[in-house]
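Q: I should like to learn how to read the features of a structure such as this one. Could we work through the fold step by step?

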Amino acid sequence: MALSTHTTPSGFLLPSIHSAPPFFTEQPNPNTQAHLTEQWIRLILTYARHRRLFILRVEDAEVPGGDWDEILRNERINRRVPPSYISSLMAGMIAKNVAVYEPPKQTRAVMLYWRLPEEWADVLHSWATATGQLNTILTFYEISDPPIPSPLSDIPIPLLRRAITILMRSNRAQIIGVADGEGVRFFAATK
Amino acid sequence: MGSSQSTPKVTAHDRAILDLKLQRDKLKQYQKKIQVVLDREHEIAKAHLATGQKDRAVIALRRRKYQQSLLLKTDSQLENLEQLVSTIEFSLIEVSVLHGLKQGNEVLQEIHREMSIESVEKLMDETQEAREYQREIGDLLANRLTNDEEGAVQEELRALQAEALGQAEPEVRMDLPSPPSSLPLLSPPEGQGSSRLLRSRDPHISAEVQQTSPTTNREQVAMLG
C-alpha cells in the first residue's frame, strides 16, 4: 500500500513514514536505526507540543487508551510500538537532551522538553509580564493551573521549577519558601 | 546563588501573602475533589435507580447534597481569602504609592532649599535693576536724536498714515461745494459789456475756472476707482 500522511482525530498530521510497518520495530542496521530514532523523536516531540503532553511512559505503549495512542499505534497497518522500543527511544531522547527521567532514578517515564527549560523560562517570564504579575507572589499551583488558560497551563511542577531556576540565575525570579509550600516572585529584566 | 544583591529581601509580608495564596490553592483543590465526588455520587444514584434500589439512590443523593453544601461553604471561604489577598496586595500598592509620594516630597523640598524666597527676591530685584538700567540706556540713546530728526520721524509717520488712508482720501474731498458750471457773465448786460468781459478775464474768476478742473478730474478718478 502507498505510504501517505494521515490526519488523526485530534487534528495531528502524521508523516507518511508512520504508515510504514518497519517504522514500528527496531532495525538491526545501526545507521538505519539512528535515522529512525531521529524520526521518532521528532514525531513524539511535535505530537507532544500539539496535544500539550509533558510525560511519556513506557506504559503508554503497553496499554491502549492513553494520550499517546494516535502515534504509538497504527491500527490501519495493525502495528504498535513495543515497550522495549519506547524504552530505547526514551534513552535516545535523554541522550539528545530533549527529555529527562521524571521522577529521576527510574526509566519508566520521561518528561519531554518540546520546549527547552530555557525556552520555558522565557515563556514564563513573558507571561508574568504580559499579565502584570511582576513583583507579585505567585504559587506554583496558580501558574500551572490558572483560571484563564495560559501557555503554562498544566506545566509539570519539576519543569516549572527548572524554568524558575534559570530565571533566578539572571535575577528575574525569586523563590519564597514557607512551611506550607513555595511561591515565586518575578522581576523585570535588569538589562 | 549570587542573586541577593538585586532581588529584594523576602519579608514577613511576602510570607503571609504566600501563606494565604497557598491556602487559597488548597481550597481550590478541595473544591475540585468535591466536584469529583459530586459527579460520582450522581452516577451512583443513577446506577441504583437503574437497578431499582430506590433507597440506596436516595442515600447517594443525600450524600451528594451534603457535599454540595460543603462546596458552597468553601466558596464563601474562598471568597473571603481572595478578598483578603487582594486587600493586602492593594495595601502594598498603597504603601508603595505613599513611598513614592514621600520621595517626591523630599526631592521637592531639596529643590526648594536651593531656591529660597530670599534668593528669589534678590534675583528679582537684580533683574528689576538690570531692566531699569537698560531703560536708562535706551532713554539716553533716544535723547541723542535732535529735534529736527524727531520732526522728520513724525513727518514720515504722517506720510505712512496718509498712505494707509489713501483710499478714503478722495471721498472726503467730494464734500466740497462744486463751483458753478456756467459763467453767468457770458450774457453781458447792455452798455457795460466790454467792462464785464474784461472782468471775466479777472484773475480771480480765471482762478475759479481753473479750480473746477481738478475737482472734475477727481470726480472722474473716483468714478473710475
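A: Let us begin with the contacts of chain A in this predicted model. Among contacts in chain A with a separation of 6 or more, 51% are between residues 24 or more positions apart. The secondary structure of this chain consists of seven helices and 10 strands, and 24% of its 191 residues are buried.

Q: How should one read the pairing of strands, and what is the order of the strands in the open sheet of three strands in chain A?

A: Strands of a sheet pair through backbone hydrogen bonds, in either a parallel or an antiparallel sense. In chain A, an open sheet of three strands has the order 8-10-9, with antiparallel pairing. Its edge strands are strand 8 and strand 9 of chain A, each of which pairs on one side only. On average, neighbouring strands of this sheet are turned by 35 degrees against each other, direction ignored.

Q: How many bridges join strand 9 of chain A to strand 10 of chain A, and which residue in strand 10 stands opposite Gly177(A)?

A: Six bridges join strand 9 to strand 10 of chain A, and the two strands run antiparallel. Opposite Gly177(A) stands Glu182(A) in strand 10 of chain A, while Ile176(A) has Gly183(A) of strand 10 opposite. A hairpin connects strand 9 to strand 10 of chain A through two residues. On the other pairing, three bridges join strand 8 to strand 10 of chain A, again with the strands running antiparallel. There, Ile137(A) stands opposite Arg185(A) in strand 10.

Q: Where do the side chains of a strand point, and which residues of strand 7 of chain A are buried?

A: In a regular strand the side chains alternate between the two faces of the sheet. Strand 7 of chain A (residues 109–112) shows such alternation: Val110(A) and Leu112(A) point to one face and are buried, whereas Ala109(A) and Met111(A) point to the other and are not. Strand 7 of chain A pairs in the antiparallel sense with strand 3 (residues 55–57) over three bridges. It also pairs with strand 6 (residues 99–101) of chain A in the antiparallel sense over three bridges. Met111(A) is the bridge partner of Ile55(A), and Met111(A) is likewise the bridge partner of Val100(A).

Q: At what angle do helix 5 and helix 7 of chain A pack, and which residues make the contact?

A: A general point helps here: an α-helix has 3.6 residues a turn, so residues three or four places apart point the same way. In this model, helix 5 (residues 117–130) and helix 7 (residues 157–169) of chain A pack at an angle of about 80 degrees, with their axes 8 Å apart. Helix 5 and helix 7 of chain A are therefore roughly perpendicular to each other. From helix 5 of chain A the contact involves Pro117(A), Glu118(A), Trp120(A), Ala121(A), Leu124(A) and His125(A), and from helix 7 of chain A it involves Leu159(A), Arg162(A), Ala163(A), Ile166(A) and Leu167(A). By type, the residues of this contact divide into eight nonpolar, one polar and two charged. Helix 7 of chain A also lies across strand 9 and strand 10 of chain A, running at about 120 degrees to strand 9.

Q: Where is Thr131(A) found, and why does Thr131(A) count as partly exposed?

A: Thr131(A) is found in the loop between helix 5 and strand 8 of chain A. Thr131(A) counts as partly exposed because it has 13 C-beta neighbours inside 10 Å. The C-alpha atoms of Thr131(A) and Ser150(A) are separated by 9.9 Å, the two residues being 19 residues apart along the chain.

Q: How many residues of chain A are in contact with chain B, and which strand of chain A gives the most to that side?

A: The size of an interface is often given as the accessible area lost when the parts come together. Here the description is by residues: 14 residues of chain A are in contact with 13 residues of chain B. On the side of chain A that touches chain B, the elements giving two or more residues are strand 8 (137–139), helix 6 (140–144), strand 9 (173–178) and strand 10 (181–186). Strand 9 of chain A gives the most, with three residues. The residues of this side divide into six nonpolar, six polar and two charged.

Q: Is helix 3 of chain B buried or in the open?

A: Of the 27 residues of helix 3 of chain B, the number buried is zero, so the helix lies largely in the open. At 1.5 Å a residue, helix 3 (residues 117–143) of chain B should span 39 Å, which agrees with the 39 Å between its end C-alpha atoms.

Terms used. Residues are numbered from 1 along each chain as its sequence is written. Chains are lettered from A and ligands numbered from 1 in the order in which they are written. This is a predicted model: local features need pLDDT of at least 70, side-chain atom pairs count only at pLDDT 80 or more; totals for chains, interfaces and linings use all residues. Two residues are in contact if their C-beta atoms, placed from the backbone, lie within 7 Å. Helices (H or I, at least four residues) and strands (E, at least two) are DSSP runs, numbered from the N terminus. Ala, Val, Leu, Ile, Met, Phe, Trp, Tyr, Cys and Pro count as nonpolar, Asp, Glu, Lys and Arg as charged, and the others, Gly among them, as polar. The expected span of a helix is 1.5 Å times one less than its number of residues. A residue is buried if 20 or more other C-beta atoms lie within 10 Å of its own, exposed if 12 or fewer, and partly exposed in between; C-beta atoms are placed from the backbone. Axes are lines fitted to C-alpha atoms, for helices over the stretch in contact, and angles run from 0 to 180 degrees between N-to-C directions. Angles under 35 degrees count as roughly parallel, over 145 as roughly antiparallel, 65 to 115 as roughly perpendicular and the rest as oblique. Two strands pair if DSSP finds at least two bridges between them.
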